[in-house]
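Thank you for coming, and please have the display open while I talk. I will go slowly and explain each term when it first comes up.

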Amino acid sequence: MLPKGANLQKIRDGKKTYAITPHLPGGFIKPDIMRKYADVAEKYHGVLKLTSAQRIMITGLKAEDIENVWQELDMQPAMGFANCVRSVKICPGSVFCKRGKLDSIKLGMELDKLYHKKEMPSRIKMAVAGCENSCSEVHVRDIGLLATDKGWDVYVGGTAGSHPRLADKLVEGLSYDDSLKIVDIILRYYQKNADIERVGQFIDRIGLKKFKADVLAEFYGEVSREAEPKVEQSKIGEKIVPLPGGLTEGTLVLGDKITRDSVISDIIRVYPQTIQVLRAFGMGCLGCPSSAGEPVWKAAEIHGLNVEELVAALNKVI
Ligand code: SF4
């Protein structure tokens, strides 16, 4: 079983090492916490690593030390589960940066407070930047807010990684309050209508025109929440629609047994009840295009699991 609040990092000569990542909103850290980090990492022979989500990971830890590490740090894990709002990346903005046009820290911290760890169909990464330089990489985040002379521009559907996609501009020149309002509408719309897919994949599946029309209609008060148009979702058992990036040929259909060669994204589309099983085995990457495109044997190998046990557990729930 995966130690609580830890990620498996490496299996070397049969020995597993783990990493923990505490939540550091906006990447801000007080000097005394920084000292504690260093002391705890040193005590448990860990290595400190800065992450792309503006956090500090302690890696190279042993399973038996994880509980003590958390206790001594007295901090909260950044990750709750795989498919949730994972991070809000924030640039220094007008508070600290000479180029800053708007207060990205205030907006980013508020988004972090409202949505961090909120459950979603897949992982969500957000970013807020204080000017067009986009130091927090707004254009490769699921939801990004970028300050201009006219207000906040809102971007959706960006992602980096193995299947990169640049974000689409949704709307521009919003106030602080309207930015919060539209992010809330986007997240509810995505929660209600998306399959296990990133925002960009969802937009590619339903079309940017529809996504934009639906979100902006609610934003401008043209539809009530109850009357929100529903996007047609994939039905269990239907021939699988390949995900953007050609991740699956969609060969698994309802009634098929899961084998070691079945692809993770096929399995969760045809048999959504397997999601809980995969999560229970510590596979926190269900919304990630590259890992979702892997066969079961490969995913088991990466996570240090017994593939036969995993296949048996999956078949038990279908
Ligand atoms: S995005 Fe603009 S405001 Fe933010 S750190 Fe970069 S230059 Fe400064």
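In which sense, left-handed or right-handed, does helix 4 pass helix 5? Before I answer, please keep in mind that this is a predicted model, in which local features need pLDDT of at least 70, side-chain atom pairs count only at pLDDT 80 or more, and totals for chains, interfaces and linings use all residues. Residues are numbered from 1 along each chain as its sequence is written.

Helices (H or I, at least four residues) and strands (E, at least two) are DSSP runs, numbered from the N terminus. The crossing of helix 4 and helix 5 is right-handed, a word used when the near helix is turned clockwise from the far one by less than a right angle, whereas anticlockwise would make it left-handed. On the side of helix 4 the contact is made by Leu107, Glu110, Leu111 and Tyr115, and on the side of helix 5 by Tyr176, Ser179, Leu180, Val183 and Leu187, where contact requires C-beta atoms, placed from the backbone, within 7 Å. These residues divide into seven nonpolar, one polar and one charged; here Ala, Val, Leu, Ile, Met, Phe, Trp, Tyr, Cys and Pro count as nonpolar, Asp, Glu, Lys and Arg as charged, and the others, Gly among them, as polar.

Let us turn to the sheet. It is an open sheet of five strands in the order 5-6-7-8-9, with mixed pairing, and two strands pair if DSSP finds at least two bridges between them. Strand 5 (85–90) and strand 9 (168–174) stand at the edges with a single partner strand each, so one side of each has no neighbour in the sheet. Strand 8 (residues 151–156) pairs with strand 9 in the antiparallel sense over four bridges, and Val156 stands opposite Asp168 in strand 9.

Finally, what encloses helix 6? Six of its eight residues are buried, so helix 6 is largely enclosed by the rest of the structure, and a residue is called buried if 20 or more other C-beta atoms, placed from the backbone, lie within 10 Å of its own, exposed if 12 or fewer, and partly exposed in between. The buried residues are Val199, Gly200, Gln201, Phe202, Ile203 and Arg205, and they pack against strand 6 (124–129), strand 7 (143–148), strand 8, strand 9, helix 5 and helix 7 (208–219). One of them, Gln201, has 25 other C-beta atoms within 10 Å. After helix 6 comes Gly207, whose phi is positive, near 95°.

Definitions and conventions: Contact = placed C-beta atoms within 7 Å.
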